[in-house]
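I opened this entry to look up two topics, the disulfide and some strand pairing. My notes follow in the order of the lookups.

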Amino acid sequence: MKHLHFILAGLLIGISCSLHARNRVIERPPFLVRNTTSIEVSKVVLSDTATVLHIYAKYRPKYWIKIGPNSYLQDNNGETYPLRSGIGITAGKEFWMPESGEAEFQLVFPPLPEGVTSVDFSEDKEVENGFSIWGIQLKGNKLPKQVLPPNAIVHKADAKAELPQPTLRYGKATLTGKLLDFRPGMKSSFKVVVQENWKGDVSGITLDINPDGSFSKEMTLLGTTPCSIYTDQGSEIYFFMEPGKTTEVYLNQRELTRRSSKFHNEEKPYGEPAYINGPLQLVAQELNRYQSGESMMTRLYQSSAVFADKDIDAAKEYILKVSDEAQSDIDKLPCSASTRQLLSINNRLETYSMLVFVPNLLTSSALHANRIKEKDAQDFYQQLQQKIPAEYIPYSDLALLNVPQSVLSSQYHNAAIRYIHKRNELAKAWGTDKGIFFDIARNVSFYWNIKDFTPLTDAQKDTLATMPGAYREMLTAANDELLAQIEANKEKTGYVINQVDENVGNEDLFASIIGRYKGKVLLVDFWATWCGPCRMANKAIAPMKEELKAEDIVYLYITGETSPLNTWKNMIPDIHGEHFRVTEDQWKFLREQHEVKGVPTYLIIDREGSVKFRSTGFPGVAKMKEELLKAVKQEEGKKG
């Protein structure tokens, strides 16, 4: 019997070893590109029965992520393998992140044929912005060799090159480029952030991506302009555009992915994060190579606990200390003098912006430490604002705003925009009212009027005639465009301007407004003309309105007097629905009555007048449509 036991034990050990031998484990496999910083493959286990991806997840603590039930692998031969199950996660259900913000789980797929060398992981195609990881390597610890386009070159540094003055010219600038390692299923468009410092504006331009990963866009700009692209890999790529010139940008997705990887970020770089040709090409190259992806604002907000025991003076001292440390790091960089100059400008301008934000930082810290309640936050903030001395930032320091090269900084808009209304005080402190800051301030004041749907007056046109030619061209074109839009608005339909009953008190105001649409499902939007997210959301849901036009839904928009009358009248022709503009007192009451803590805030109200959904901030088109149809079908069910 003992002999038999030994024989059986030997057989079991042999079977176990045989099964183990059939498993092939790839630890921390390299991969080409991912469209997220939330998940990464830490290990792949291959066997005759299954393919298991071990997933490392990093996301905001106590928030959830989700893996679609129709997720799949696709191998290098084009064959697909559907998700079988999850271990430690259930496909299609929320996976809540722990306090640490880090977690691990496994995804199980069918076994792969022996000859497969790489796979792509993709979430359900129906999932908007679903997770994807391309080119997960299963044989070897290196990625396939990258073949760069001929123009994707590294520019030689010039240690002594000074940062040039920006060009002031009004005209067309061209952006071209390509996403390297582009694959089918990757994003079809992305946004370029254009820092239009010359006119006090920041715009987001959408670029469509061609099937080969290339893109091209023509923009009308006023002078040398800093621009950036926020990538799916969590990086910001910087470049410059200039009227009359072409800028080429080749985004190196595998290097951007490596930089954001938990397991590969210490490995040798896969080239430059981006290859740039065009205006200030060397500066752009070095900015992308050396500039930290984490701004001072991000660092300070993440460490809000640091401000828990600080007053406005101690907060200033701490911010200046962080700024000095950042400058010390800049001084040590092995970059050209021109790049170091711009990085130094960036640091100083961001420091000024953060000093302006001190009341916000201290309020956020007090909330985080439970020293104040949310309902008291606004009063707490206002008290701090009143304590800030007139020259909390010495006006003499702000003379940097009048240095031409500062307009090349991505931080110029945030810093300068707050001081345009104080240009007379700054002129006195600086001993001059001449220079680039004052030219921009004059241009901005005219441009903002035009943006607020107020055409230039004859007096303003006389002043305009004395301004540099590029400003005249830009403002004249913007004014002509506004006049054409005002004329076109006269022919538009689909919107209704409503008046509030003067005899109704604040307590009954909302009931009197929605009472006009009794028996209908309402989407109520508390918004403002100056609110960028409101305006973007209005454009985003326009196709949804058309799609649901057969449903008995009323789109009801309410704003207050902070939305200038001319702006409001000329903006709403493109926002189909019922519009109300209430007094400041009514607006304040409505915000308190319905807990409108910010704009936009949405309410979905059923036919009986009950609130069925509430969201501060735009929840997305899909969610909005889902909740509206839920309210519609609920009422139809009652009728049935």
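I started with C531 and C534, which form a disulfide in this predicted model. I read 2.4 Å between their sulfur atoms. The cut-off is 2.5 Å, so the pair qualifies. I noted 1 disulfide as the count by this rule.

Next I looked up the handedness. The link of C531 and C534 is right-handed, with 85 degrees about the S-S bond.

Are C531 and C534 buried or exposed? I found C531 buried at a relative accessible area of 4%. C534 is also buried, at 0% relative accessibility.

I then checked two further cysteines. C227 has 2% relative accessibility and counts as buried. C335 comes out at 9% relative accessibility, which also counts as buried.

I moved on to strand β14, residues 189-196. How many of its 8 residues are buried? I get 6, so I logged the strand as mostly covered.

Which strands pair with β14? One is β15, residues 201-208, in the antiparallel sense over 8 bridges. I picked out one bridge here: S189 has D208 in β15 as its partner. I also logged that β14 and β15 form a hairpin, with 4 residues between them. In that turn, G200 has a positive phi of about 65 degrees.

The other entry is β17, residues 225-230. I noted antiparallel pairing with β14 again, over 3 bridges. For V192, the bridge partner in β17 is I229.

Terms used:
Residues numbered from 1 in each chain as written. Predicted model: local features only at pLDDT ≥ 70, side-chain atom pairs only at ≥ 80, totals over all residues. Heavy atoms only, no water. Buried < 20%, exposed > 50% of the residue type's maximum accessible area, 1.4 Å probe, protein only. Helix = DSSP H or I, 4+ residues; strand = E, 2+ residues; numbered from the N terminus. Pairing = 2+ DSSP bridges.
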